[in-house]
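Please open the model in the viewer and keep the sequence panel visible. The tour below proceeds by selection, with a short account of what is found at each stop.

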Amino acid sequence: MQAQCTLINFLVTRDGLEDQLLAAVVAKERPDLEELKVAEAKVTEVKINEARENYRTAAQRASLLYFVIDDLNKINPIYQFSLKAFHVTFEKAIQRSVPADDVKERVLNLTDEITYSVFVYITRGLFERDKLIFTAQVAFQVLAEMEQFKNLDSDIEGSANRWKKIVESEAPEKEKLPQEWKNKGPMEKLCMMRCMRPDRMTYAVSGFVEEKLGAKYVEGRSMEFAKSYEESSPSIPIFFILSPGVDPLKDVEALGKKLGFTIDNGKFHNVSLGQGQEIVAEQALDEAAADGHWVILQDTLEMCSKESEFKCILFALCYFHAVVAERRKFGAQGWNRAYPFNNGDLTISVYVLYNYLEANPKVPWDDLRYLFGEIMYGGHITDDWDRKLCRTYLEEYIRNEMLDGELLLAPGFPIPPNSDYK
């Protein structure tokens, strides 16, 4: 008996995608070429292909961008972008690009608009800390050039004082490099900056992107909900993944009012998800689907059943987070080693606090201190004395006396009593 199996790899390649996108852009720009291809002889087909090749630069840029986007999931698994969605953005960019009679100018306009449209579309869905990484990758791929760093070590040794001045500068990325190194390209200067002053790479990369792609790629700007709405459809919902303190509801309501979708006229449904709200949400969705209404579903963290304990410990936990983060500013006097404490540690600790209070009849003080000090924050710590300091803070800030109002987080600074914001 014999069995045979053939495996076919359907993954898109850069060259294959480039050809697909070239066909798409030519179909938009020169629909007459396809008609000629059918009507004319093979001699004319050569000229037709030459005309198509004029637009390859735009297709190459688009293909390059897609594969940069496809790698974003290596930064965060949540970053998943479909090829179909990319095609939509690509075609809308072609429609928005500035017209030009000259083919070369038109292709430049197409390339620029495709690049910027994809940039805006993708960065809208990235966390703030990852936007510069994506933009830099685009710039790196566009340049894709490197030179040798031969004799750099000997030049640094021979001009130690000049190099030391640059390394110790407050803004070394703005300084001119000594000797012939000042004539190096921006990519090479970035590589040297990464070796000498990694703490200034954010500023150096921003300057690099601004120089190569333009200031509009690094300017801080708020994302307009109206722009996102233009790219949605009745079958494409919009998801808001929010940072603490961010509330897009006002923007949604403002656009809804402008377009005639309000709670007062019954065309706008606002449902806060929680226990027992599934039926309400389904009814709102069914009505909206039938009558063309808007529905916003808000995922909320329900209030803890031990509200007083939760608020009290939460306040102390936030204070603890501020203290451990602030100590980093004092270098080795704050912590023996540098630790990447961040808001994510606090956020996860809050969820742990909520779950443990809900699951236990009494506050599990020892468990909470262990989880915060040994896992959530302690997971970053590698020095024994630093770990001991972290545990000491938690033993002082998170204990039973805090519930009676007898605990001072600092001299004259007690934990505030349980109350509602009015």
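Is Phe261 buried or exposed? Select this residue in the predicted model: Phe261 has a relative accessible area of 16%, and because buried means under 20%, Phe261 is buried.

**The partner of Phe261**

Next, add Trp294 to the selection. Trp294 is likewise buried, with a relative accessible area of 13%. The two rings form a stacked aromatic pair, with 4.8 Å from centre to centre and 10 degrees between the planes. This pair links distant parts of the chain, as its members are 33 residues apart. Phe261 belongs to the loop between helix 13 (249–259) and strand 1 (268–273), whereas Trp294 is in strand 2 (residues 294–299). Now extend the selection to Phe225, Tyr229, Phe240 and Phe268, which form one aromatic cluster together with Phe261 and Trp294.

**A second aromatic pair**

The count of aromatic pairs comes to 21. For another of them, select Tyr116 and Tyr217. Their ring centres are 5.2 Å apart and their planes stand at 85 degrees; an angle over 60 degrees counts as edge-to-face, so this pair is edge-to-face. Here too, distant parts of the chain are linked: Tyr116 lies in helix 6 (residues 103–123), and Tyr217 lies in the loop between helix 11 (201–213) and helix 12 (225–230), 101 residues apart. Tyr116 is partly exposed, at 21% relative accessibility, while Tyr217 is buried, at 5%. Add Lys216 to the view: its charged end sits over the ring of Tyr116, 4.3 Å from the ring centre.

**Asp386 and its surroundings**

Move now to helix 18 (residues 384–397), where Asp386 is found. Which side chain of opposite charge is nearest to Asp386? It is Arg337, at 6.1 Å; Asp386 is buried yet has no salt bridge. Show the contacts of Asp386, leaving aside its neighbours within four places in sequence: these are Trp335, Asn336, Arg337, Tyr339 and Ile381. From Trp335, proceed to Arg327, which lies over the face of Trp335 at 5.8 Å from the ring centre.

**The whole chain**

Finally, clear the selection and display the entire protein chain. The chain contains 18 helices and four strands. Of its 422 residues, 36% are buried. Among contacts between residues at least 6 apart in sequence, 67% join residues at least 24 apart. With the surface switched on, the chain exposes about 26,900 Å², of which carbon and sulfur atoms supply 52%.

Conventions: Residues numbered from 1 in each chain as written. Predicted model: local features only at pLDDT ≥ 70, side-chain atom pairs only at ≥ 80, totals over all residues. Heavy atoms only, no water. Helix = DSSP H or I, 4+ residues; strand = E, 2+ residues; numbered from the N terminus. Buried < 20%, exposed > 50% of the residue type's maximum accessible area, 1.4 Å probe, protein only. Lys, Arg positive; Asp, Glu negative; His and termini not counted. Salt bridge = Lys/Arg side-chain N within 4 Å of Asp/Glu carboxyl O. Contact = heavy atoms within 4.5 Å. Areas by Shrake-Rupley, 256 points an atom, 1.4 Å probe, with all protein chains shown as cover. Phe/Tyr/Trp six-rings, centres within 6.5 Å; stacked < 30°, edge-to-face > 60°. Lys NZ or Arg CZ within 6 Å of the ring centre and 35° of its normal.
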